[in-house]
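Biologist: Got a minute to go through this one with me? I'd like to hear the reasoning behind the labels as well as the labels themselves.

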Amino acid sequence: MELNLNFDKSAPETLQEQAFEQIRNHILSGRLRPGMILPPTRQLAEQLNISRNTISLVYERLAAEGYVESRGRAGTFVSRALPDESLNTDPNGPSSIEALKLDLPSPILCFSVHPPGLNRPDVANPLIDFWVGRSDPETFPLDTWRRLLLRKLSVAGSNLTEYGDPAGLSELRLAIASHLGRTRGMLVSADQVIVTSGSQDGLNLICRLLNTQHHPFFIESPCYQGAAFLFRGLGATLYPIPVDQNGLVVDKLPEDRGGVVFVTPSHQYPTGATLSLERRLQILKWANDTNSVIIEDDYDSYFCYDGRPITALAGLDNGQRVFYLGTFSKSLGAGLRIGFTVVPKELAETARIIKSQMNHGQSWLDQAVLAEFIESGLYDRHLRRARKLYKSRRDCLKSSLTKHFGSADITGDEGGLHVAWRLPHGSPDAAVVQQRARLRGVGVYTFGSGAAYDFDGSSSRDFLVLGYSSVKEKDIEVAVGRLSDLLEDMKREFTPYVVFSRQQSA
Ligand SMILES: Cc1ncc(COP(=O)(O)O)c(C=O)c1O
């Protein structure tokens with residue numbers, strides 16, 4: 001048989017590439033049908049007046065990609081099953097949900113916990129943005145990360161092509177367990193640590209372990225949106241428990257009924273309060289007495305600026321009742337998507353199975369780099385540097401607020417990456433301030449729009465959250481000055497309205 005191929009000598013593609021593409025097209029269009037024999041290499045080379053070696057290389061590539069099969073002396077044949085059929089979906093097959101006749105429930109929640117303008121080209125980001133909980137991109141250890149990445153790639157072996165342990169890379173689990181021992185007072189073994197895609201993934205895993213529908217869920221009010229929405233979406237019944245300046249008011253938990261309680265003890269989200277040691281012991285006792293479990297979200301505890309951090313609940317517990325959530329989103333960067341959960345020993349194997357069912361575990365490369373980053377002491381060094389930077393930004397925010405507003409009423413300034421600021425007496429609603437501040441190039445957030453959920457909406461009216469970690473000091477000063485001007489202007493403009501609305505709601 002003769003094959004019709006035409007070469008364009010002026011094209012950038014080599015003769016070999018042109019021959020490959022044209023034969024492949026003949027096969028895909030059906031001109032060369034499955035099972036047909038191709039001309040021998042010598043014959044085709046003579047017909048086209050090109051080297052036989054070029055045709056041999058073309059046939060080899062066609063065979064390597066699955067378009068043809070070499071049957072030794074018998075010749076080269078078009079494959080019966082073409083590779084494109086296993087790569088692409090059938091354009092005429094059942095492609096839509098409708099064709100599969102699925103009864104889909106209506107979506108439960110479509111909220112986002114990200115700032116309104118983030119990564120959306122259609123919304124102008126404010127010039128100075130106090131969005132919460134962002135690690136400053138300039139702190140990310142890029143050069144070190146690049147060096148470790150290349151080193152790990154050079155010894156990757158089959159790690160990139162094989163599945164790993166769904167519970168995570170053993171070196172990383174070990175490194176995390178020993179770091180938790182040193183920094184959070186937690187005596188846990190590596191097999192209790194499950195590496196996850198951020199703590200949200202860990203929370204999903206815990207929910208599957210606990211079966212959300214069978215327990216009442218007690219949750220801080222106000223609380224972290226990511227938790228409240230997930231629990232609700234999974235059908236849990238939520239009972240809000242108030243928080244004060246010492247964190248969750250443990251006395252408000254029911255004495256006679258157990259369940260699951262979700263807390264952020266190091267830096268309550270969003271108020272920033274730290275759960276006192278006394279309350280930590282109290283909640284553990286409550287959990288024991290009522291046969292309850294505690295989910296401890298310890299999202300930003302490595303940033304403690306004044307004194308030492310209090311031991312995690314999971315460190316005070318005897319390893320039975322606390323499910324611990326950790327994340328590298330705040331210490332290194334949320335884009336890494338690496339976190340972990342620590343589960344009670346007897347549930348470790350079940351947690352591994354669940355993680356496997358969820359997604360077969362995390363990327364080997366990221367885990368390998370992070371494991372070495374922690375083990376080599378570079379993580380501790382990074383934390384020290386970041387802590388120093390964020391502490392001076394916190395100090396700058398506090399002194400700017402004090403300069404403009406006298407004694408500013410803020411909570412959560414002992415640690416973490418944000419504070420909650422109660423607006424000065426007589427200010428309009430926080431939502432209005434948020435809106436107006438944006439027009440003046442300052443991004444501030446009410447609890448509700450700042451990744452928190454306020455069950456009765458009461459604290460949303462008076463508070464703004466200010467995430468300062470990614471804002472340079474000179475910008476902090478400028479922004480607080482603008483907020484001060486804004487509130488002065490609004491006071492004049494809004495006074496009659498404010499008096500009226502506060503009297504109404506009193
Ligand atoms: C209270 C709280 N927990 C956890 C996280 C981190 O979530 P992830 O580790 O999934 O990025 C955040 C992020 O904003 C948070 O505010």
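Modeller: Sure, and keep in mind that this is a predicted model. Let's start with strand S14, residues 418-422, and its pairing with S17.

Biologist: What makes S14 and S17 a pair?

Modeller: Two strands count as paired if there are at least two bridges between them. S14 and S17 have five bridges, in the antiparallel sense, so they pass that cut-off of at least two. To see one spot in register, look at Ala420, which stands opposite Val465 in S17.

Biologist: Which strands form the sheet, and in what order?

Modeller: Three of them, in the order S13-S14-S17, with antiparallel pairing, and the sheet is open.

Biologist: Why are S13 and S17 called edge strands?

Modeller: Strand S13 (409-411) and strand S17 (463-467) each pair on one side only. From one strand to the next, the twist averages 30°.

Biologist: Which helix lies across S13, S14 and S17?

Modeller: Helix H14, residues 378-405, and it runs at about 15° to S14.

Biologist: Moving on to S11. Why is S11 called largely enclosed?

Modeller: Six of the six residues of S11 are buried, so the rest of the structure largely encloses the strand. Buried here stands for under 20% relative accessible area. Val322, Tyr324 and Gly326 point one way from S11, Phe323, Leu325 and Thr327 point the other way, and all are buried.

Biologist: How many bridges join S10 to S11, and do these strands run parallel or antiparallel?

Modeller: Four, and S10 and S11 run parallel. Asp297 stands opposite Leu325 in S11. S11 is also joined to S12 by four bridges, but there the strands run antiparallel, with Gly326 opposite Phe340 in S12.

Biologist: What about the backbone oddities? Which peptide bond in the loop between S5 and S6 is cis?

Modeller: The one from Ser221 to Pro222, where omega is near 0°. Pro222 lies in the loop between strand S5 (216-221) and strand S6 (223-224). Another cis bond leads from Tyr269 to Pro270, with omega near 10°, and Pro270 is in the loop between strand S9 (260-263) and helix H10 (277-290). Most peptide bonds are trans, and most residues other than glycine have a negative phi.

Biologist: What is the phi of Asn291?

Modeller: About 55°, so positive, although Asn291 is not a glycine. Asn291 is found in the loop between H10 and strand S10 (293-297).

Biologist: Why is Asn291 called exposed, while Arg337 is called partly exposed?

Modeller: Asn291 has a relative accessible area of 59%, and exposed means over 50%, so Asn291 qualifies. Arg337 is at 36%, which falls between the 20% and 50% limits, so partly exposed is the right label. Arg337 also has a positive phi, about 50°, and sits in the loop between strand S11 (322-327) and strand S12 (339-342).

Biologist: Last topic, the cysteines. How many disulfides does a search of the whole structure find?

Modeller: Zero. To count, two cysteine sulfur atoms would have to be within 2.5 Å.

Biologist: And how do you know whether Cys207 and Cys223 are buried or exposed?

Modeller: Set the values against the limit of under 20%. Cys207 has 2% relative accessibility, so it counts as buried. Cys223 has 0%, so it is buried too.

Definitions and conventions: Residues are numbered from 1 along each chain as its sequence is written. This is a predicted model: local features need pLDDT of at least 70, side-chain atom pairs count only at pLDDT 80 or more; totals for chains, interfaces and linings use all residues. Side-chain values use heavy atoms; hydrogens and water are left out. Helices (H or I, at least four residues) and strands (E, at least two) are DSSP runs, numbered from the N terminus. Axes are lines fitted to C-alpha atoms, for helices over the stretch in contact, and angles run from 0 to 180 degrees between N-to-C directions. Contact means heavy atoms within 4.5 Å. Buried means under 20% relative accessible area, exposed over 50%, partly exposed in between (1.4 Å probe, protein chains only).
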